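Subject: Handing over the two-chain model

Hello,

Here is the structure I promised to pass on. Please open it first, then read my notes underneath.

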Amino acid sequence: MKAKFGVVDIALGGKILYKTGSIEIDDEECETTLKANKTLSIFGINLPLGKKEVYLEKTRYDAKNFPQFEDNELKIGEFSFIVPNEEERVKITDMHLKPLLDLRFKIDQELTKVENKSRELLLRRAQALEYIDSLKANPRKTLFTYSPEILTDFENPVQIAIQQQKDAVAAMISQLKEEIIYQINNQNLNQSNIEKLQKFIIAVGMLQNAVFEEKQDKISSVGTMLKEMGLLPQENCYGSIKELTEMLTQQFISKMHQDMLDVQLGIARCSSCGKYFLLNTENRCTYCKTFRQQNK
Amino acid sequence: MPKCVNGHLSNNLETCESCGHQINLEVSLEELSEFPEVSVPWKESCVLTLGFPEPLMNDAHIIQIEKGDNIEENESLFRVKIEGGKTWSEIVVENKDRFKKWVRRTGFYCAKRKLVVIDTTDVLSPLLLQELSDAGNMLVVALSADESSNALEQNISYVAMSALKQKRLPTIICPKSYVDEMPFFVEDKELIFRNAFEEVIIFFVSALCDLITMIKVNQRLGVYFHYFYTIFSASDMVYPKPENAISFQLKQIQHVVKQKDIQTAHLLGRAEIGRHENLIKAFKKVFREDKDRLVNMSIRLFEKNSEYGLYDLVLILGVNEIYLSNIERGYQLIASKNPNLRVMG
C-alpha cells in the first residue's frame with residue numbers, strides 16, 4: 001500500500017509549533033484500507049482520515065511504533081509511505097523528534113536528578129571514609145580540621161565525628177530513596193534501570209569498604225564481580241577511595257544514562273553532528289550517517 | 001554489605017550466598033550508612049600543661065594552654081590573647097566556652113590517663129581549673145604560689161587552688177619557689193644541667209599508671225590533696241644515707257604541711273636495683289613513728305642505670321586540705337581592690 005506523506009509546518013504568531021503530516025493517498029488499495037479503518041495509526045497516534053493535515057500531539061512514544069526508513073520509504077506497521085526526497089525525509093524525522101525530544105528532555109532531567117543524588121551519595125561516602133581514614137592516622141589533627149560539635153566533656157570526639165559522617169550519609173541515602181520512589185511513581189524511569197542503578201551504588205559501596213580496609217583479596221573479588229555484572233568498566237581499581245568513586249560514577253552513570261535514554265525512547269544523540277536521531281535499522285544518524293556504534 | 005530478603009549478609013549482589021534468596025536492594029542501600037569498624041589510636045596518656053615549655057616525650061600526647069598576641073587553637077594548643085593587662089576574671093569570662101570546647105575536641109577526656117601540669121600563678125590557671133572536669137584517672141600536678149610570690153601571683157594561685165579544693169580534683173602540689181631552686185643534672189655522656197621540673201613531669205608521665213593508682217586509693221580514703229618534693233640525681237656524696245635524702249624531702253614539705261595533718265606517705269624513685277632495698281628500708285625508717293597514724297603508705301621504685309650511682313626520689317605526702325593561709329594575704333590585698341578577683345561561687 002502506498003501513500004505519499006508530506007510535512008507542513010503549523011505556525012502561530014510566526015513561531016513554528018509543530019510540523020504536521022499530510023497524507024496524500026494515490027493507491028486505491030491503500031485508500032480502501034484506510035477508509036475501512038477510518039483511522040490511520042501513525043507513530044502511535046491515531047490520525048483521523050478525511051483531513052489532509054494532522055496535528056501531532058505531544059504524547060508518549062513507544063519504541064516499537066517508531067517509523068523505519070528503508071531507502072525512500074517510511075514504514076509504519078503495515079503501511080509504507082514514499083518519501084519523495086532527502087529533504088522531506090529529514091523533515092519527517094524532525095517531526096517525530098519534536099515530541100520525542102520533549103519527552104527525552106523530561107526524562108533526561110528526571111534521570112539526572114537521580115544520578116546526581118547517587119553520585120553525591122557515593123562521593124560523600126568516599127569523603128566520609130577518607131575522613132575516617134585520616135582520623136585513624138591522626139585523630140587529633142583530623143578532629144580539628146573538621147570540628148564535630150561535642151556537647152559533654154566525656155563524649156568521645158572520634159565516635160561523634162564518625163557518627164556525624166554516618167548521619168550525613170544516611171540523610172543522603174534517604175533523599176535518594178525518596179527520589180527513586182518519586183520517579184517510579186511518576187513512571188519516568190523503569191524498574192529494571194532503577195535496580196541496575198541501586199546495584200551499582202551498593203557495589204561501589206562494597207568496593208569503597210574494601211579499599212578502606214586495604215583488603216586486596218576483597219578489592220579483587222568485588223572488582224571481578226562488578227566487572228562480570230557489567231557494572232565496572234575497568235578491572236584495575238587504583239587510587240584513593242574518592243578517585244575510584246569519581247571514576248566509576250562518571251563512567252557508569254554516563255553510560256547508563258545514555259543507554260536508558262536511547263533504549264527506552266529509541267532516540268540517540270549523534271556524537272558526530274550532535275543532533276538527535278531516531279534509532280533505525282540502519283543504526284546510524286539520519287543527518288550525517290554516522291553509525292551509532294561509533295557514538296558509543 | 002548487601003543483605004538478602006531474609007537479612008543475611010552477602011558478598012553477592014544477585015542472590016544470597018546463605019539462602020539463595022534475592023538481595024533486598026532497599027535495605028542494602030541503607031546499609032551504606034554503616035562503615036567498617038575502626039580503632040583510633042589515642043595515646044594512653046595525655047598531658048595538659050600551663051606555664052611550662054612543652055616537655056619532650058613521645059609516650060604521651062601533650063596539649064598546652066598559653067598566652068599570646070593572638071587567639072589560636074589547634075589539636076595541641078590553646079592560645080589566649082592577652083592585651084591591656086587582662087585579669088584572670090576577664091580571661092575566664094571571655095574564654096571559658098571556647099576553652100571547654102577545645103578540651104573536648106582534643107580528646108583529653110578520652111585518654112586512659114590524664115595529667116594536668118599547671119603553674120597556678122599563671123593568669124590562665126583559674127580558667128583551666130574552673131572549667132576542667134574530673135574525668136577520672138586524672139591527676140593534677142600544681143605549682144602553688146608561696147610567701148616569695150607577689151600579691152597578684154598569690155591572688156591568682158589562691159583562686160586556682162580554691163577551684164581544685166572545691167572540685168576535689170586529685171592533686172599533688174609543690175610550692176613554686178621549690179621548683180625554681182631545684183637544680184638537676186642528667187646523666188648523658190657527661191652531667192648536663194637541665195630544667196628539673198621538666199624531668200619531674202617526664203618521670204611522672206612514665207610512672208603515671210602507678211601514680212594514678214596510688215591517688216585513687218587515697219581518694220577512696222578521703223585524701224585528695226598531696227604535697228611533693230623531689231631530689232633528682234641524688235648521690236652518696238651529698239646524702240651519705242638514703243634516709244638523709246628522704247628526711248630532707250620531708251622537712252621541705254613540712255614548711256607547708258603540718259606533721260599531724262599528713263595522712264599518707266609515698267615514695268616514688270629511680271635507682272639501680274642494688275639500691276632499692278636500702279631505699280625501702282630508709283623510707284620505712286623515716287616514717288617509723290607515723291606508720292600507725294598514716295592511712296596509706298607505698299613505695300614504687302623503678303630501675304635506673306647510673307654510671308655515677310645517682311638516684312631520683314619523689315616524696316609525696318597526702319593531706320586532707322590544701323594549705324592557702326600562706327598566700328591569703330596577697331589574695332585579700334588584690335581582692336579588696338577589685339571584687340571581681342575574689343574566689344567565685
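Below are my notes on confidence, the contact between the chains, chain B and its salt bridges.

**Confidence first**

Please keep in mind that this is a predicted model. Chain A has an average pLDDT of 71. In that chain, 60% of the residues score at least 70. The highest confidence in chain A is in α4(A), at 91. The lowest is in strand β5 (residues 53-54) of chain A, with a mean of 39.

Two stretches of chain A need care. Residues 6-22 of chain A stay under 50 in pLDDT. The model still gives them 47 contacts beyond four places in sequence. Residues 37-66 of chain A are also below 50. That stretch has 72 contacts in the model beyond near neighbours in sequence. Where pLDDT is low, the predicted coordinates should not be read in detail.

**Where the chains meet**

How many residues does each chain bring to the contact? Chain A brings 46 residues and chain B brings 38 residues. Together the two chains bury about 3,900 Å². Carbon and sulfur atoms account for 69% of that area. On the chain A side, Arg140(A), Phe144(A) and Asp153(A) lose the most area to chain B. Those three make up 23% of what that side buries.

Polar links cross the contact too. There are 12 residue pairs in polar contact between chain A and chain B, both residues being at pLDDT 80 or more. Several helices of chain A each give at least two residues to the side that touches chain B: α2 (86-137), α3 (139-145), α4 (157-185), α5 (191-212) and α6 (216-228). By class, that side of chain A has 27 nonpolar, 7 polar and 12 charged residues.

Salt bridges between chain A and chain B number 5. One of them pairs Lys177(A) with Glu26(B), at 3.9 Å from N to O.

**Chain B**

Chain B holds 345 residues, and 56% of them count as buried. Its secondary structure has 10 helices and 13 strands. Along the principal axes, its C-alpha atoms fill a box of roughly 85 × 55 × 45 Å. Take the contacts in chain B between residues at least 6 apart in sequence: 71% of these join residues at least 24 apart.

**Salt bridges**

Over all chains, the count is 30 salt bridges. Side chains of opposite charge can pair when their charged atoms come close.

Which parts of chain B does the pair Asp210(B) and Arg300(B) tie together? Asp210(B) sits in helix α7 (residues 208-220) and Arg300(B) in strand β12 (residues 296-303), so the bridge ties together parts that are 90 residues apart in sequence. The closest N and O atoms of this pair are 2.8 Å apart. Asp210(B) is partly exposed, at 27% relative accessibility. Arg300(B) is partly exposed as well, at 34%.

Lys281(B) and Glu277(B) form a salt bridge at 3.7 Å, N to O. They are 4 residues apart in helix α9 (residues 273-286) of chain B, so about one helical turn separates them. Both residues are exposed.

Arg293(B) and Asp290(B) also meet in a salt bridge, at 3.3 Å from N to O. Is each partner buried or partly exposed? Arg293(B) is partly exposed, with a relative accessible area of 35%. Asp290(B) counts as buried, at 10% relative accessibility.

Finally, a network: salt bridges with shared partners join Lys177(A), Glu26(B) and Glu30(B).

Best wishes

Technical notes
Residues are numbered from 1 along each chain as its sequence is written. Chains are lettered from A and ligands numbered from 1 in the order in which they are written. Side-chain values use heavy atoms; hydrogens and water are left out. Contact means heavy atoms within 4.5 Å. Buried area is the accessible area (1.4 Å probe) that two parts lose on being put together, summed over both. A salt bridge is a side-chain nitrogen of Lys or Arg within 4 Å of a carboxyl oxygen of Asp or Glu. A polar contact is a pair of N or O atoms within 3.5 Å; within protein, one must be able to donate a hydrogen and the other to accept it, and residues adjacent in sequence count only if both atoms are side-chain atoms. Ala, Val, Leu, Ile, Met, Phe, Trp, Tyr, Cys and Pro count as nonpolar, Asp, Glu, Lys and Arg as charged, and the others, Gly among them, as polar. pLDDT is the predictor's confidence in each residue, from 0 to 100. Buried means under 20% relative accessible area, exposed over 50%, partly exposed in between (1.4 Å probe, protein chains only).
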